[in-house]
Amino acid sequence: MNKVLLIGASGRIGRLLCEKYYDSFDSLVAMVRNTDQSGLPPQINQIEADLESDISSVMEGVDTVIFSAGSGAGTGLDKTLLVDLWGACKAIDAAKHNDVGHFIMVSSRGADDPDRGPRPIKPYLVAKYFADEYLKNSGLCYTILRPGRLTDLQGTGSIDISRPVNPDAQVISREDTARVIAHCVNNPKVRNKIYELYEGESRIEQAIA
Ligand SMILES: NC(=O)c1ccc[n+]([C@@H]2O[C@H](COP(=O)([O-])OP(=O)(O)OC[C@H]3O[C@@H](n4cnc5c(N)ncnc54)[C@H](OP(=O)(O)O)[C@@H]3O)[C@@H](O)[C@H]2O)c1
């Protein structure tokens, strides 16, 4: 039994995982800030926690963590620091403390080299860069996913893991991103790997080892 903790379950990718890919998981626990307001389907087992507080208790007995939380574009740089960086690091520490077997991080295109990214989102990319580094150096088995700009278009089930030259083509739907995440759970071949994700022509099962 692989018990999966989904951090950011009430977000747009998190919700797709709970609603469309629920069957991919043996056992799923959705971490949300407010269970009454999450709007998740009733069959979803929810746990309340805030990345800005102590989250150590939510990792008990967890085998796999999916980190798909984010402070969002509408908040300030304080939240970029406290959620995207510090919250991620706290989740990694708690996962390590609880011997979690696999940590799947939803990072971002450009987190490998924030200096090359667009200036307005550079602080966010720096936060993602250091969260990814922290995970890589944690000793945990990890998979880091770096999707391009996310859209709410319908997924196709096909992706490209090479970055297109044209920046306008560096996009992927949240649905295909959720599919990739679901594909990574219970897949030993994706361990300690980093993938960029864009819309493309290869079936997810072929593109992702
Ligand atoms: N937007 C893009 O183009 C883009 C591109 C590449 C990667 N990403 C990354 O993709 C991931 C998911 O994207 P998305 O569109 O699904 O995001 P989203 O819809 O904005 O959802 C973000 C989630 O994070 C949660 N969250 C925020 N602050 C929190 C805190 N202090 N404690 C616990 N949970 C907290 C939110 O919870 P509440 O519901 O309680 O607010 C929500 O569930 C994020 O890591 C984002 O950085 C985004």
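In which strand is Arg146 found? I would like to start there, bearing in mind throughout that what we are looking at is a predicted model. Arg146 sits in β6, the strand that runs over residues 142–147, and it counts as buried because 21 other C-beta atoms lie within 10 Å, where 20 or more are required. Leaving aside residues up to four places away in sequence, Arg146 touches Ser107, Ser108, Arg109 and Ala111, and it also touches Ile194, Tyr195, Glu196 and Leu197. Ile92, by contrast, is 54 residues from Arg146 along the chain, and the C-alpha atoms of the two are separated by 17 Å.

Ile92 takes us to helix α2, where it is one of the buried residues. The others listed as buried there are Thr80, Val83, Asp84, Leu85, Gly87, Ala88, Ala91, Ala94 and Ala95, and what covers the buried residues of this helix includes the strands β1, β4 and β5 together with helix α3. As for its length, α2 has 21 residues, which at 1.5 Å a residue should span 30 Å, and the 28 Å between its end C-alpha atoms agrees with that. The helix nevertheless bends, by about 35°, at Trp86.

After α2 comes Asp99, in the loop that leads from α2 to β5. Asp99 is not a glycine, yet its phi is positive, at about 55°, and it counts as exposed because it has 11 C-beta neighbours inside 10 Å, where the limit is 12 or fewer. Asn186, which is likewise not a glycine, has a positive phi of about 65°; this residue lies in the loop between α4 and β10 and, with 15 C-beta neighbours inside 10 Å, counts as partly exposed.

Let me turn finally to the ligand. How many residues surround the ligand? There are 24, and the closest are Gly11, Ile13, Leu51, Ala69 and Gly70. By character, the shell divides into 8 nonpolar, 10 polar and 6 charged residues. At least two residues of the shell come from each of α1, α2 and β7, with α1 giving the largest share, namely 3 residues. Ile13, which is among the residues closest to the ligand, is also among the buried residues of α1, as are Gly14, Arg15, Leu16, Leu17 and Cys18. These buried residues of α1 pack against β1, β2, β5 and α4.

Technical notes:
Residues numbered from 1 in each chain as written. Predicted model: local features only at pLDDT ≥ 70, side-chain atom pairs only at ≥ 80, totals over all residues. Near = placed C-beta within 6 Å. Helix = DSSP H or I, 4+ residues; strand = E, 2+ residues; numbered from the N terminus. Nonpolar A, V, L, I, M, F, W, Y, C, P; charged D, E, K, R; others polar. Contact = placed C-beta atoms within 7 Å. Expected span 1.5 Å × (residues − 1). Bend = angle between axes of the 7 residues up to and from the residue.
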